[in-house]
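Q: Could you take me through one part of this structure slowly, and then show me what lies around that part?

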Amino acid sequence: MEAGAHVWLRSPSSQWGWVPARIASKEEISVEAKSKLGVGGSFTKQMVRLTLVDDAHCHSQKGEFGDNDDYFTNLEPFRTTLTVDPAALKNADHEDVKLRNLPSGMLKQDGNPLNEIIMGGGSEDTKLSTALAATAPQQPVGLVHDLIHLTHLHEPAILHSLRQRYDGDVIYTSTGPILIAVNPFKKMEGLYSGEVMEGYRLAG
């Protein structure tokens, strides 16, 4: 995780448990720590201080948050700091900060061609998209048919993807061999039609 990275930040104030944020700065610091065994006194440990701010993209990037996604439009500006272990950042595995999956258009704006989001580009997804093009509802940009195709697969990524698909009336999502179904609480016209079933048959 580097300065400028777009992330999910754990937030008790959010109904989803996470809010979109951006790493504004990253600096190495030295902190004094005590031995866990209670002997040997204290020692100096190298840590990293992250400054995180609200991500302005969440107010304008429909490509990431969907046309129907207004969950973060009223997000109040914030600025917070976290002191974290460098090892957690190296593995991008901090419990309170997770990297976001970004749409390709947003990545181009950020000017980092090395970052790419996998947008369901596998052969099965391609065949399924083609077969169901006439019957499947239009999906918000950046979704995948199978969650394992997400570049970063973790709790906020799963919640966000399922929420987007739900808003797009796509209630079924695969994650490997597992099928996740979200109750739409309404009648889904044409969901189980012959055309849809034929599309899945052609997709193999």
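A: In this predicted model, helix α5 has 13 residues, and at 1.5 Å a residue the helix should span 18 Å, which agrees with its end C-alpha atoms being 18 Å apart. The expected span is 1.5 Å times one less than the number of residues. Helix α5 covers residues 155–167 and lies across the strands β1 (6–10), β2 (18–34) and β5, running at about 100 degrees to β1. Among the buried residues of α5 are Pro156, Ala157 and His160, and the run from Ser161 through Leu162, Arg163 and Gln164 to Arg165 is buried as well. Just after α5, Asp169 takes a positive phi of about 60 degrees.

The three strands that α5 lies across belong to an open sheet of five strands, which has the order β4-β3-β2-β1-β5 and antiparallel pairing. Its edge strands, each pairing on one side only, are β4 (79–84) and β5 (97–99), and the twist from one strand to the next averages 35 degrees.

Going through the sheet pair by pair, β1 and β2 run antiparallel and are joined by five bridges, with Val19 in β2 as the bridge partner of Leu9. β2 then pairs with β3 over 13 bridges, again in the antiparallel sense, and here Ala33 stands opposite Phe43 in β3. Strand β3 (residues 42–54) is in turn joined by six bridges to β4, and these two strands also run antiparallel; Leu52 has Thr80 in β4 as its bridge partner.

Technical notes
Residues are numbered from 1 along each chain as its sequence is written. This is a predicted model: local features need pLDDT of at least 70, side-chain atom pairs count only at pLDDT 80 or more; totals for chains, interfaces and linings use all residues. Side-chain values use heavy atoms; hydrogens and water are left out. Two strands pair if DSSP finds at least two bridges between them. Helices (H or I, at least four residues) and strands (E, at least two) are DSSP runs, numbered from the N terminus. Axes are lines fitted to C-alpha atoms, for helices over the stretch in contact, and angles run from 0 to 180 degrees between N-to-C directions. Contact means heavy atoms within 4.5 Å. Buried means under 20% relative accessible area, exposed over 50%, partly exposed in between (1.4 Å probe, protein chains only).
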